[in-house]
Amino acid sequence: MDTTDLADGIARGERRALARGITLVESARADHQAQGAEVIAALPRDRHALRIGLSGTPGVGKSTFIEAFGMMLIGQGLRVAVLAVDPSSARSGGSILGDKTRMDRLSREPGAFIRPSPSRTHLGGVARRTREAVALCEGAGFDVVLIETVGVGQSETVVAQMADLFLLLLAPAGGDELQGVKRGIMEMADMILINKADGDLKPAATRTCADYAGALRLLRKRPQDPEGYPRAMMVSALAEEGLEAAWADMQTLVDWRRREGFFDATRAAQARYWFEEEVRQALLSQLDDPRVRAGMDDLAAHVAQGDLTPVAAALELVQTHLRR
């Protein structure tokens, strides 16, 4: 594959080239990953999209919100890319990848690009190479990149390390409305959007929004937030209400962070984080080496027989097989 031609196609905004580029960086093959790195390096460096991470529990309406929000952005003349991460089966490793079918209107828009990806065994709500996929979408000239996480709980904070804004979508009348005071994903959120604020659920959404607004005031103020942020708002993706107000608040927050220097500082810190993460993954990949695997199997047998403790066996493996 000619990586230069592929990079040129992505830079021209060709959807097929972009899809091939993402397939390349998501591949587990070392040669594909090397080619993917070459493609990213060849892309224009002066293109920057607003990266928006979005999480929420299953059934909260993430896909419906993304479609309505994306259609609104396209109506304003922006190009929108959606990277949706679907959970993978622990048994078969497969994923349904149904997000694209749930965004029927958005998928037909020329200014939109939707790419579902399997999470495989990667934790944190995103796929292993989502960050590289974001870089490819930026190189293709998209103005906004929406990163939808798997949506399984409070551990999905990795997306905050690749996004400029992190949105948490919640449903009204979901039980204990003050679960939000728990640490974790709430501390990472820049905005909390109470979805489904329409019809019979609107009164419940109003109460839920007030509960979370109060919970946010209890959290320690972050230096990267102006007065009034993070905030809770009500939206209805189905009725397409509150979307423009939410977008205006997002722009206000981003503009303030740019003026105060937090925007660039956060992206620099994220780049450092992903460098360190690549180092960790490279070290973990050594465990797949046949020599190391044989040593692990031998030590595991001794652990199973009670001759060695797990801690002692692990220390011996590191000292004898991984230190070079």
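Here are short legends for a few views of a predicted model.

Some ground rules come before the views. Residues are numbered from 1 along each chain as its sequence is written, and side-chain values use heavy atoms, leaving out hydrogens and water. Because the model is predicted, local features need pLDDT of at least 70 and side-chain atom pairs count only at pLDDT 80 or more, while totals for chains, interfaces and linings use all residues.

**View 1. The whole protein has 13 helices and 7 strands.** Helices (H or I, at least four residues) and strands (E, at least two) are DSSP runs, numbered from the N terminus. Of the 324 residues, 45% are buried; buried means under 20% relative accessible area, exposed over 50%, and partly exposed in between (1.4 Å probe, protein chains only). Take the contacts (heavy atoms within 4.5 Å) between residues at least 6 apart in sequence: 76% of them join residues at least 24 apart. The accessible surface comes to about 16,400 Å², and 54% of that belongs to carbon and sulfur atoms. Those areas come from the Shrake-Rupley method with a 1.4 Å probe; for residues, only the protein chains shown count as cover.

**View 2. Helix α11 has buried residues that pack against other elements.** Look for F263, R267, Q270, W274 and E277, which are buried in α11. The buried residues of this helix pack against β1 (50-56), α7 (130-139) and α10 (243-260). Its end C-alpha atoms are 34 Å apart, which agrees with the 34 Å that 24 residues should span at 1.5 Å a residue (the rule is 1.5 Å times one less than the number of residues).

**View 3. F275, V279 and L283 make a nonpolar surface patch of about 300 Å².** Patches are made of residues with over 30% relative accessible area and no salt bridge (a side-chain nitrogen of Lys or Arg within 4 Å of a carboxyl oxygen of Asp or Glu); like charges are joined within 9 Å, and nonpolar side chains (Val, Leu, Ile, Met, Phe, Trp, Tyr) within 5 Å. F275 sits in α11 (residues 262-285) and counts as exposed because its relative accessibility is 55%.

**View 4. G21 is a buried glycine in helix α2 (residues 15-26).** Its relative accessible area is just 2%, so G21 is buried. Setting aside neighbours within four places in sequence, G21 is in contact with L6, I10 and L136. G9 is 12 residues from G21 in sequence, and their C-alpha atoms are 9.7 Å apart.
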